[in-house]
Amino acid sequence: MRPSPTLRALARDKPRPAVDPVAVLREFTGGVREQAAPGEQCEMCAVPIGPKHSHLADVQAHRLLCSCRSCYLLFTDGGASHGHYRAVPENYRFNPGFTLSAAEWDAMGIPVSLAFLFYQSDQARYVAFYPSPGGATESLLDLAGWNSVVAGDHLLQELTPDVEAVLLRRVDDGFECYLVPIDACYELVGLVRQYWEGFAGGEEVWRRIDDFFTGVRERCRG
């Protein structure tokens, strides 16, 4: 069996020409059937779906699958596949009590002001990624300090492994912390990959990042 691309493999991808966020997300999932264009078919039952659709996580293969609503609902409790497939949740939450020191952030080896972390169940550990012009780049440094942060924050402890992530944005006076579906993080990765220019990214990419976080905050309130 040909192995599906893992998050680590995606982190090694070279920069590509501009693509839309949905296309990047589909690349992370390991591709689509040859006869299907991105966003057109459910990858479980092959029925047509629109560009706005749900996702399932193939936990064992470390990939996301585009899904119709019926297939998505089938796996919302994980029982239908004994945990092999999990529906990616759709709720967004803001964590107002989150605290992280600058030293703890630097220890994670994140060179930009954005990062997302989630618990990968098959490795029994947290993994940290940040958006880059080349895709999602994994921090390979020791995340022992992050485990201490989680231990002191009950909201972080409620995250569902593999399908929910902590999305962090560093600001002047600290950090914004959001608890989001994992596919939202790869939407952000797609934006950065598409619009980043030069060394600092350029005005366009940061405007789009601001718009993305505005949307995240609106979903949290909703």
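The legends below describe several close-up views of one predicted protein model.

Residues are numbered from 1 along each chain as its sequence is written, and side-chain values rest on heavy atoms, with hydrogens and water left out. Because the model is predicted, local features need pLDDT of at least 70 and side-chain atom pairs count only at pLDDT 80 or more, while totals for chains, interfaces and linings use all residues.

**View 1. The whole protein, with its eight helices and nine strands.**
Helices (H or I, at least four residues) and strands (E, at least two) are DSSP runs, numbered from the N terminus. Of the 222 residues in the protein, 47% are buried, where buried means under 20% relative accessible area with a 1.4 Å probe and protein chains only. Among contacts between residues at least 6 apart in sequence, 57% join residues at least 24 apart, a contact being heavy atoms within 4.5 Å.

**View 2. The open sheet of six strands.**
The strands follow the order β4-β9-β8-β5-β6-β7, and their pairing is antiparallel; two strands are taken to pair if DSSP finds at least two bridges between them. Strands of a sheet pair through backbone hydrogen bonds, either parallel or antiparallel. At the edges stand β4 (93-94) and β7 (135-139), each with a single partner strand, so one side of each has no neighbour in the sheet.

**View 3. Strand β5 and its two partners, β8 and β6.**
Strand β5 (residues 114-120) is largely enclosed by the rest of the structure, because six of its seven residues are buried. With strand β8 (residues 164-171), β5 pairs in the antiparallel sense over four bridges, and here L114 stands opposite R169 in β8. With strand β6 (residues 125-132), β5 also pairs in the antiparallel sense, over five bridges; along this pairing F116 stands opposite F129, and F118 stands opposite V127. The hairpin of β5 and β6 has four residues between the strands, and in it A124 takes a positive phi near 55°.

**View 4. Strand β6 beside the edge strand β7.**
Seven of the eight residues of β6 are buried, so β6 is largely enclosed by the rest of the structure. A hairpin leads from β6 to β7 through two residues, and five bridges join these strands, which run antiparallel. Across this pairing A128 stands opposite S139 in β7, while Y130 stands opposite T137 in β7. Strand β7 is itself mostly covered, with five of its five residues buried.

**View 5. The largest nonpolar core, of 30 residues.**
A nonpolar core is a set of buried Ala, Val, Leu, Ile, Met, Phe, Trp, Tyr and Cys residues joined through side-chain atoms within 4.5 Å. In this core the residues that touch the most other members are F116, L167, V180, I182, L188 and F213. Two or more residues come from each of β5, β6, β8, β9 (174-181), α7 (182-195) and α8 (203-221), and α7 gives the most, with eight residues. Leaving aside neighbours within four places in sequence, L188 is in contact with L114, P131, L167, I209, F212 and F213. Apart from this core lies another, of 22 residues, among them L100, I110, Y130 and F175.

**View 6. The second largest cavity, with a volume of about 40 Å³.**
On a 1 Å grid over the protein atoms alone, a cavity is a set of points where a 1.4 Å probe fits but cannot get out, and its lining residues have an atom within 4 Å of a point; points are joined across faces, edges and corners, and a volume is the space filled by probe spheres set on them. A search of the whole structure finds two cavities of 30 Å³ or more. The second largest is lined by V112, L114, P131, V192, W196 and W206. This lining divides into six nonpolar residues, no polar and no charged, where Ala, Val, Leu, Ile, Met, Phe, Trp, Tyr, Cys and Pro count as nonpolar, Asp, Glu, Lys and Arg as charged, and the others, Gly among them, as polar.

**View 7. F75 in the loop between α3 (69-74) and β3 (85-87).**
F75 is buried, with a relative accessible area of 7%. F75 and A57 are 18 residues apart in sequence, and their C-alpha atoms are 9.7 Å apart in space.

Technical notes
On a 1 Å grid over the protein atoms alone, a cavity is a set of points where a 1.4 Å probe fits but cannot get out, and a pocket is an open set with protein on both sides within 12 Å along at least five of seven lines; lining residues have an atom within 4 Å of a point. Buried means under 20% relative accessible area, exposed over 50%, partly exposed in between (1.4 Å probe, protein chains only).
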